[in-house]
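Let's take a friendly walk through this model together, starting with the whole chain and then stopping at a few residues along the way. Keep the structure open beside you as you read.

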Amino acid sequence: MDKGRVEAFSDGVIAIIITIMVLELKAPVGAHLADLRPVLPAFASYVLSFIYVGIYWNNHHHMLHAVRRIDGRVLWPNLYLLFWLSTVPFVTAWTGENPLAPAPAALYGFVLLMNALAWVMLQRALVRAQGPNSDLAKAIRSSFKEKVSPLIYVAGIFAAFVFTPLAYACYVVVAVLWFVPDRRVERQLGVVS
């Protein structure tokens, strides 16, 4: 099966996700800089979500670069990842409108956690399709970031009910951890020294 179709479809869905998020942003009422204050929480939520979606898009691209073949076992995990990514605009809008409310902050963390788990499912499906000795299998062996990220998400979910800004701080920490693209695939393929 052609991996190009999977990559093109995923790129299209991710582009739509980003478009939906930006369309949710509302212009401030008024023409003064001070009028931006009420829309800053929504903008901050958008920026964090855009970074997360960008991280997934970037790493998805890198991971598929190491893939030689796709089979039916890969299609559903890829769709599962896209499903959870497609929920990001909803939680982005909700947290933007209610930045200090515990429930939206906790649901935001839950969606991020589910995206991370869906990512792991996709990685495993791709490794099964490529084989245990493939470049991809060698490149994506477990790393510190992959082990600690879900724990930080869970901490953020619980923190949302204690001190909501701490929840967002947890989510920012994970974004910072993953902001630099995962270079393991490129190193394994000899693209980066």
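What radius of gyration does the chain have, and what would a compact globule with 193 residues have? The chain has 18 Å, and a globule of that kind would be near 16 Å, so the two agree. Please keep in mind that this is a predicted model.

**The chain as a whole**

Nine helices and zero strands make up the elements of the chain. Read from the N terminus, the order is therefore easy to remember: α-α-α-α-α-α-α-α-α, with helices as defined from DSSP runs. Along the principal axes, the C-alpha trace spans about 55 × 35 × 30 Å.

How much of the chain counts as buried? The figure is 46% of the 193 residues. The accessible surface comes to about 10,400 Å², and carbon and sulfur atoms account for 71% of that surface. If you look at contacts between residues at least 6 apart in sequence, 80% of them join residues at least 24 apart. As for charge, the chain carries 16 positive and 11 negative charges, and the mean positions of these two sets are 9 Å apart.

**Helix H5 and Leu-122**

Helix H5 covers residues 102-130, which is 29 residues. At 1.5 Å a residue it should span 42 Å, and because its end C-alpha atoms are 42 Å apart, the model agrees with that expectation. Right after H5 comes Gly-131, with a positive phi near 105 degrees.

Leu-122 sits in H5. Is Leu-122 buried or exposed? Its relative accessible area is 1%, so Leu-122 is buried. Setting aside residues up to four places away in sequence, Leu-122 touches His-60, Met-63, Val-74, Pro-77, Asn-78 and Leu-81. Arg-73 is 49 residues from Leu-122 along the chain, and their C-alpha atoms are separated by 9.2 Å.

**Helix H4 and its surroundings**

Now move to helix H4, residues 88-97. H4 is mostly covered, with seven of its ten residues buried. Those buried residues are Val-88, Pro-89, Val-91, Thr-92, Ala-93, Thr-95 and Gly-96. Which helices do they pack against? The partners are helix H1 (3-24), helix H2 (40-65), helix H3 (72-86), H5 and helix H8 (164-179).

Two of the buried residues of H4 show this in detail. Val-88 has a relative accessible area of 3%, so it is buried. Beyond its neighbours within four places in sequence, Val-88 is in contact with Met-21, Ser-49, Val-53, Val-111 and Asn-115. Thr-92 is buried too, because its relative accessible area is 6%. Leaving out residues up to four places away in sequence, Thr-92 touches Met-21, Ser-45, Tyr-46, Ser-49 and Tyr-108.

Phe-90 also has its place in H4. Its relative accessible area is 53%, which is over the 50% cut-off, so Phe-90 counts as exposed.

**Pro-41 in helix H2**

Pro-41 belongs to helix H2. With a relative accessible area of 29%, Pro-41 falls between the 20% and 50% limits and is therefore partly exposed. Not counting neighbours within four places in sequence, Pro-41 is in contact with Gly-96 and Pro-99.

**Separations along the chain and in space**

The table sets out C-alpha separations for some of the residues visited above.

| Pair | Apart in sequence | C-alpha to C-alpha |
|---|---|---|
| Phe-90 and Ile-140 | 50 residues | 30 Å |
| Val-88 and Leu-33 | 55 residues | 28 Å |
| Pro-41 and Ala-93 | 52 residues | 9.8 Å |
| Leu-122 and Arg-73 | 49 residues | 9.2 Å |

To finish, go back to H4 in the viewer. What share of its ten residues is buried? Seven of them are, which is why H4 is described as mostly covered, buried meaning under 20% relative accessible area.

Definitions and conventions: Residues are numbered from 1 along each chain as its sequence is written. This is a predicted model: local features need pLDDT of at least 70, side-chain atom pairs count only at pLDDT 80 or more; totals for chains, interfaces and linings use all residues. Side-chain values use heavy atoms; hydrogens and water are left out. Helices (H or I, at least four residues) and strands (E, at least two) are DSSP runs, numbered from the N terminus. The radius of gyration is taken over C-alpha atoms; the globule rule is 2.2 Å times the number of residues to the power 0.38. Buried means under 20% relative accessible area, exposed over 50%, partly exposed in between (1.4 Å probe, protein chains only). Contact means heavy atoms within 4.5 Å. Accessible areas come from the Shrake-Rupley method with a 1.4 Å probe; for residues, only the protein chains shown count as cover. Lys and Arg count as positive and Asp and Glu as negative; His and the chain ends are not counted. The place of a charge is taken as NZ of Lys, CZ of Arg, CG of Asp or CD of Glu. The expected span of a helix is 1.5 Å times one less than its number of residues.
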